[in-house]
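Thank you for making time this morning. I would like to walk you through a few backbone details, and it will help to have the sequence and the structure in view while I talk.

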Amino acid sequence: MNLYQCSNPISDNFLPKYESRKTIEVKKKVLIFTDKVTNLLLKRLVYLIGSVKFNVKISHNKLLPLLEDHQKGSFALIVFTKLDIYLHLDKHAKERLKEYCLNYKVGLLIFVQNEENIPITKLSEYPLFFATNNHISNYRVNASSPVLRITKPGYHVFNNTSSKWTLFHSKDPSFEPISVTNCENRKAKDTCEDGLVYAAVMRDKGLHDGIEKIYFNDKITFWVHKLIILDAISYLSRSSLLLPLERYILVDIDDIFLANSPLKMKKQDVKELVNFQNRIRKENVVENFTFNLGFSGKYYRQGNINEMEGDEFLLASRHNFTWFDHTWSHVQPHKLNFSSLVREMLVNKKFAKIHDLPLYTNYSVAPHHSGVYPVHDDLYEAWRQVWGLDVTSTEEYPNLYPAKNRKGFIYKGIKVLPRQTCNLFTHTNFFDTFPGGRTKLDNSIFGGDLFMTVITNIVTIFMTHLSNYGSDRLALYTFTNLFNFIKCWTNLKMMTVEPSKLADVYFNFYPNEILPLWTNPCNNKRHLEIWSGQKTCKRLPHLIVVGPQKTGTTALYTFLNLHPQIKSNFQSNKTFEEVQFFTDKNYVNGIDWYMNHFPFPPSESTILFEKSANYFTEAKAPLQIHTLLPDTKIICILINPSQRAYSWYQHAQSHKDEAALKHSFYDVITATNSSSDVHNLRNKCLLPGLYTSHLNKWKTHFNNSQLLIVDGENLVEDPISEMEKVQNFLKLQDKLDYSKLLKYNTKKGFFCPVTNGGKLKCLGSGKGRKYSPMDDKSKDFLKHFYKNSIEDLNDFLTNHGYSKPGWLIKEINDMNA
Ligand SMILES: Nc1ncnc2c1ncn2[C@@H]1O[C@H](COP(=O)(O)OS(=O)(=O)O)[C@@H](OP(=O)(O)O)[C@H]1O
């Protein structure tokens, strides 16, 4: 087997300490200025930054976004995909940017594209010269650059004579190369001087204007540049965007004992497995490296005589490895119920006991990823019961591709970690038959996708299969070269640790991933294949009434239910007609829980719907709803926010809320002591009424054909006309004449549904309460409190082409009077 020989003379780790920004706070976000021409570079850059999960904001057309928010910097780094964009920012923007960079100690990362096609030129402001369109040789990284961290400095990477490099040079003390290369001036277009050394990446210490900058050419696909870009991001952001240097690597070998003959491991293959592991540990390439073997006991000693010997030898060598359950017969768990799964697991557990396997009892992997995502509750429960499991891994969350977007989540106490593929599948066992051939595999290892997988993932769980270690032993070839190459050219410290430690590291670094973001299995072919045949997306709603509370949502819910084509969710014991799934409390229950609240729709044209009036103000609900139900329709109802506040106060009083019983409405809405109960009640009265701030979040995810704004006051006055609008919005084939279904009830003071017997069945006593009108002092206070918000709503509706509720028109007219 070929073993990668490191030619880097620098073997010791030399780690510069980055300056931090101490007390100045910035968000962990990158701002990228770009134009249309630089799309390819932008795409690659966003991909790289996305792979390390840093957030990005893209600004086209040189527009400056909000740079500060509540005395916190909005960005930790600013990038220009083209020098030209930076040079031609308008004067005001440049000054603002400079001020921001100085105040928040933020640096600039500037790309100079070869297409910019400027011959030897002096930058307008500083003595930096650059030359485009050159051939180069002898690329090497400057050992003394303080920028390098992941990148191991001080080596000659290769002789690359490819064309079209932009190179930099300067004699000014502010400039210091991060990497250099020789110019090979061979063609008329080359603009550098043959034989001279130029910078390929240049640092500007900022001696002239106080802002540190790093200039890159557009060779962003070059793997060394990817490493230096990651270092530059950490350096220029003063460690705000810093990746740790530890890389936790677990190599799972799935399908142990299971492979088609003659692809199983033989005795010699097992010996090589042990030798590999010993060598990697001894040379300290990956600390404590240990293969993690997922076994399916049913297939033990199946195959030809050599393979049987291989199986036996693997068991004899068992203490060299760690082991985990991969189910007895390697069936897809989503096809089994809880008791069948428990049976499967118990037989495999017995096998492990008989053969004295050194097990990770808290870790397992489901065959074919089935049952993990989309989640199959029975699998999670069986895992917990039989194994006491708390860690697993999958490549399917949220989607298989792009691999960089894979995430982890925690469900029913089980930590699900993302799993990475190394292109070694059950059918890739020979160099000759590897898709794209050996060159493709080598490219991936030596600086390509596989290499970048380890660079960008703090925790990498690789999925491999038993057969990858037999035949040509492609897996051993891959890992030996990959790990040695990483050790040679980076300062990363690779190690193998147990799964529970992996999970701790992962979720400590990515706490935002703990709560899953449920996607729709029916929108993903692979997910559908590993989802129980008994489940159907038809039990998910097509319409959600999201509130806010006290605007007439129950009336709308009741009126919609009168339509034979529309069916609501089942009632809940605790929250009555509301499901309240898209809230922190219930969302963790998963989509099976949600779907169980809906009937099987009687016909294709049935519209399932639910209303939960608290969704409107839930910060995550718009994204969560859109991710699960991208085509669903949304209805918000708006009434005068002052009236809404008063209605909530009445609601609180009748629910015996102490603050509401003790304090007048005026005292509540003017409460200032932020830690008191009365202030809490104040917020519930006032904040949902700041409609536009909430509506903006809904509008980010739903377009006009999906989002209807109902006039809640008209729903009281003239529900017939308002229901006509709702029916049009839902594009109902058979529209109902609501004038026959709703009649005004003088006693109730509201419209009520007409029952079959002709009687009126009004909403319960909690809807349409009787109470005295609001006092003038409160009215004045609220008028003032909501003034800006009312204006914002008016602008919002104008800008998005919505018609305006009558109450809003009146408010605006009053303001202008
Ligand atoms: N037809 C009909 N019957 C009864 N009540 C009606 C009706 N249409 C609208 N409304 C108004 O609905 C207000 C209650 O709003 P919600 O149902 O959204 O309240 S809740 O958030 O679900 O508790 C309720 O508020 P209050 O008047 O303060 O009780 C009513 O004003």
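Before I name any strand, let me say that helices and strands here are DSSP runs, a helix having at least four residues and a strand at least two, and that they are numbered from the N terminus. Please also keep in mind that what you see is a predicted model.

I will begin with Asn-133, which lies in strand β8, residues 129–134. Asn-133 has a positive phi of about 65 degrees, although this residue is not a glycine. Is Asn-133 buried or exposed? With a relative accessible area of 10%, Asn-133 is buried, because buried means under 20% relative accessible area.

Thr-327 also calls for a look, since its phi is near 70 degrees, a positive value in a residue other than glycine. To find Thr-327, go to the loop between β18 (322–325) and α7 (338–354). Thr-327 has a relative accessible area of 3%, and so this residue is buried.

Let me turn now to the peptide bonds. Which residue is joined to Pro-374 by a cis peptide bond? That residue is Tyr-373, and omega for the bond is about 0 degrees. Pro-374 itself is found in the loop that runs between β19 (359–364) and α8 (377–387).

Further along the chain, a cis peptide bond joins Tyr-397 and Pro-398, with omega at about -10 degrees. If you would like to locate Pro-398 on the screen, look in the loop between β20 (391–394) and β21 (409–411).

Definitions and conventions. Residues numbered from 1 in each chain as written. Predicted model: local features only at pLDDT ≥ 70, side-chain atom pairs only at ≥ 80, totals over all residues. Heavy atoms only, no water. Buried < 20%, exposed > 50% of the residue type's maximum accessible area, 1.4 Å probe, protein only.
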